[in-house]
Amino acid sequence: MSKKLKAVIIGPGNIGTDLLMKMQRSEWVEPVWMVGIDPESEGLKRAAAMGIKTCATGVDGILEHVIEDDIRVAFDATSAYVHAENSRKLNELGVIMVDLTPAAIGPFCVPPVNLESHAKNLEMNVNMVTCGGQATIPMVAAVSRVQPVEYGEIIATVSSKSVGPGTRQNIDEFTRTTAGAVEKVGGAKQGKAIIIINPAEPPLIMRDTVHCLTEGEPDRDAITESVHAMVAEVQKYVPGYRLVNGPVFDGNRVSVFMEVEGLGDFLPKYAGNLDIMTAAGLRTAEMFAEEVVNGTIELPARGE
Amino acid sequence: MNLQGKSVKLHDMSLRDGMHAKRHQISVDEMLSIACAMDEAGMPLIEVTHGDGLGGSSVNYGFPAHTDEEYLGAVIPKMKQAKVSALLLPGIGTVDHLKMAKELGVSTIRVATHCTEADVSQQHITIAREMDMDTVGFLMMAHMASPEKIVEQAQLMVSYGANCIYCTDSAGYMLPDEVTTKISALRDALPAEIELGFHGHHNMAMGVANSLAAIEAGCARIDGSVAGLGAGAGNTPLEVLCAVLNRMGCDTGIDLYKIMDVAEDLITPMMDQPIRVDRDALTLGYAGVYSSFLLFAQRAEKKYGVSARDILVELGKRGTVGGQEDMIEDLALTMAKAAGKI
C-alpha cells in the first residue's frame, strides 16, 4: 500500500490549480480528483490535461467515488458559503478536510505553530486562516514563545492582481479572521490585522509587517534567535519567505518586516500571498500522512 | 473664472485629517471647543475620526489620545446645526465600526479606497446606504489613475449605493487642469443626482486653486480644514477658500470672520509644528506621495540618518498607496544599510 494520502481538490480556480501543481511533487499526498461546478471551466480542463479525474457536479458528484478511490483528504478552495456543507459530507465518509476558505468552522492551522498538535489529534477539519495570517502569525508566535505579547498587529500588503473577487467582496472577513488567529494561534492577548491592496505595475511581491508589544522589556537576543528559527521553519514549505528587516526594537515594540515570494507554479511569483496558502494547505495534509506512517494516528476505519 | 451665484458645501477635515498632523493626540476638550466654534460659524459638515479613519488606532498609524467612540460621543450631541461625518478605509475599519458610528449619530460616512480598488468598498457602502446614511465613495490618490479609470471606479461605488463621489488628491499632486479634467469626466458620466466632491492637500500650494477648479467643473462639496490643519502641508485652508469664494460670489453659508477666528485663536495655537509647504511636504506633492507619510518619514530620518526627502521620493517611485506607513521604516532600514549607516 502506498504511503501517500489520496486527495480531492474542490474548486478549480487559481488556488486549486496552484495546489494541484504543488501536490504533483509531493511525496505524501497524491491528487486524484478535481471538483468544480462548471464543465466548461478552464480549471477543470487544466486538471484533466494533467491526468487528474474531474467532476463538474460539485462535491455531491464525487461522494460515490470516495471509498473506491480511497480518498483520505480534501482541500476546499471554494467559498465560505458552501464550505460547511462540503466538509460535513466528506467528513461523514472519513475524509480529512483542509479548509482554504475563510469559513473557519474547524480550528485555525498555521503549520510551524500548531499543525503537529492538530495532526496528532486527528482534527477532521482544519482552517488555513488567511494569506496574511499564514505569512505573519509564525512571527507573532516567534515572539510570544519568548515572552508574553500584549498586542500583536499585522499589516499585509498584496498586489491588486493577486486579490480575487471573493476577498474583495468581503474584506472585513480577512481583517476579523486574521486578527482572531493572531490571538488564538499567534498568542497575542489582543490582535489587529490590516490589509492594503497595491496596484503598482509590475506587481509588488507580498510584504508583511508584524508589530508586537511585549509585556516588559523585550529580550532582544532571545527574540532575534526565535524569529530567525521560525523563518527557517516557514522556508521549509515556502522557500521565498524572507526576513527583509528586523527584528527592530523600540521600547516594548518588536517589529519584523517580511517579504513572501511564491514559487511561481500556477500563480506568478509576486503572488506570495496565494502561494503561502496553497503551500501551507499541502504541508498540513503531508503532516497528517507522516503521522499515519509513524503510527501516531490512525485514519478513520473503512469497511471493505 | 465665474462662480457667481453658485453654492458649495464645505466639509471640515481639521479634526480628522488634522489628527495626522497632531499624531492623533487631539484632546476631547480641544475637539469639542473647535467643533462648537465651527458649528457656530456655520460649518455644515465636520469630520471626526482617527486620521486613518474608524479603526485606525494601531501601531502602524498611531494610537490616538481617545477612541473614535469617545470623540464622536463627545462632539455629536453638542452640534446645533453641523452634521458629523466619519471616514472608513476597508481593510482597516470594518462594518462593525460603521454601525458604531451610525449609532453615535454620524450622518455621513465616507468609504475610502485607493482609486483603482473601489470593489473592496461594496459591503460597507451597501450597508451604509441601507442604514440611510449620506454615503460617500472616496477615491484616494486620484492622481494615479486616468480619468476613464476614475469614472469606472466611481460607477462601481454608485452601483453599490454611494450618493456622492469624491476625487481625492491625497498626495497634493494635482494641478488645476487635472482637477478640471477628472471632475468634468465624472460629471459627464454620473447621473445628475450623484453629488461630486474634491479633497485637496496643499503640498504644491494648489489647495485653493484646485478647489475652485473643482467647483467650476461641478463639485457640490469641497473638503478643507480650518487653518489647514491636516496631513502634509495640510488641507485646503478653509478660511482662505471661504474668503475667496465670498469675493467670487459663491455661497458657502459660513461666517467668514468667525471661521477666521477659529483658525487664528483655536487651531493655530495647538499646532505641534507649522503646517506649511516645507521641503518634505513639497516633496510629497512633487513625487505624488500620500500626505500622512510626512511625519513618519521625518521620524525615520531622525532615527536612521536617511533623508526624509530621499525616503519619500523612493516611496513615490515604488507606487506606494495610502495606508502603507509600515513601508517607511522598512525602506529607511534598507536605505541605511545600503549607505553603511547601520
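What follows walks through the fold of chain A and the barrel of chain B in a predicted model.

Chain A comes out with nine helices and eleven strands. Its C-alpha trace stretches over about 60 × 45 × 30 Å along the principal axes. For a chain of 304 residues, a compact globule should have a radius of gyration near 19 Å, and chain A has 19 Å, so the two agree. Buried residues account for 56% of the 304 residues in this chain. Contacts in chain A also reach well along the sequence: taking those between residues at least 6 apart, 70% link residues at least 24 apart.

Helix α1 of chain A (residues 14-23) is worth a closer look. Eight of its ten residues are buried, so the rest of the structure largely encloses this helix. Among the buried ones are A:I15, A:L19, A:L20 and A:M23, and the set also includes A:D18 and A:K22. What do the buried residues of α1(A) pack against? Their partners in chain A are the strands β1 (5-10), β2 (29-35) and β4 (71-76), along with the helices α2 (42-49) and α9 (272-294).

Over in chain B, eight strands close into a barrel with parallel pairing, running in the order β1-β2-β3-β4-β5-β6-β7-β8. On average, neighbouring strands of this sheet are turned by 25° against each other, direction ignored. Strand β1 (residues 9-12) and strand β8 (residues 221-224) of chain B run parallel and are joined by four bridges; in one of these pairings, B:K9 has B:R221 of β8(B) as its bridge partner. Helix α7 (residues 176-189) of chain B packs on the sheet, where it touches β6 (164-168) and β7 (195-199). The direction of α7 makes about 160° with that of β7(B).

Technical notes:
Residues are numbered from 1 along each chain as its sequence is written. Chains are lettered from A and ligands numbered from 1 in the order in which they are written. This is a predicted model: local features need pLDDT of at least 70, side-chain atom pairs count only at pLDDT 80 or more; totals for chains, interfaces and linings use all residues. Helices (H or I, at least four residues) and strands (E, at least two) are DSSP runs, numbered from the N terminus. The radius of gyration is taken over C-alpha atoms; the globule rule is 2.2 Å times the number of residues to the power 0.38. A residue is buried if 20 or more other C-beta atoms lie within 10 Å of its own, exposed if 12 or fewer, and partly exposed in between; C-beta atoms are placed from the backbone. Two residues are in contact if their C-beta atoms, placed from the backbone, lie within 7 Å. Two strands pair if DSSP finds at least two bridges between them. Axes are lines fitted to C-alpha atoms, for helices over the stretch in contact, and angles run from 0 to 180 degrees between N-to-C directions.
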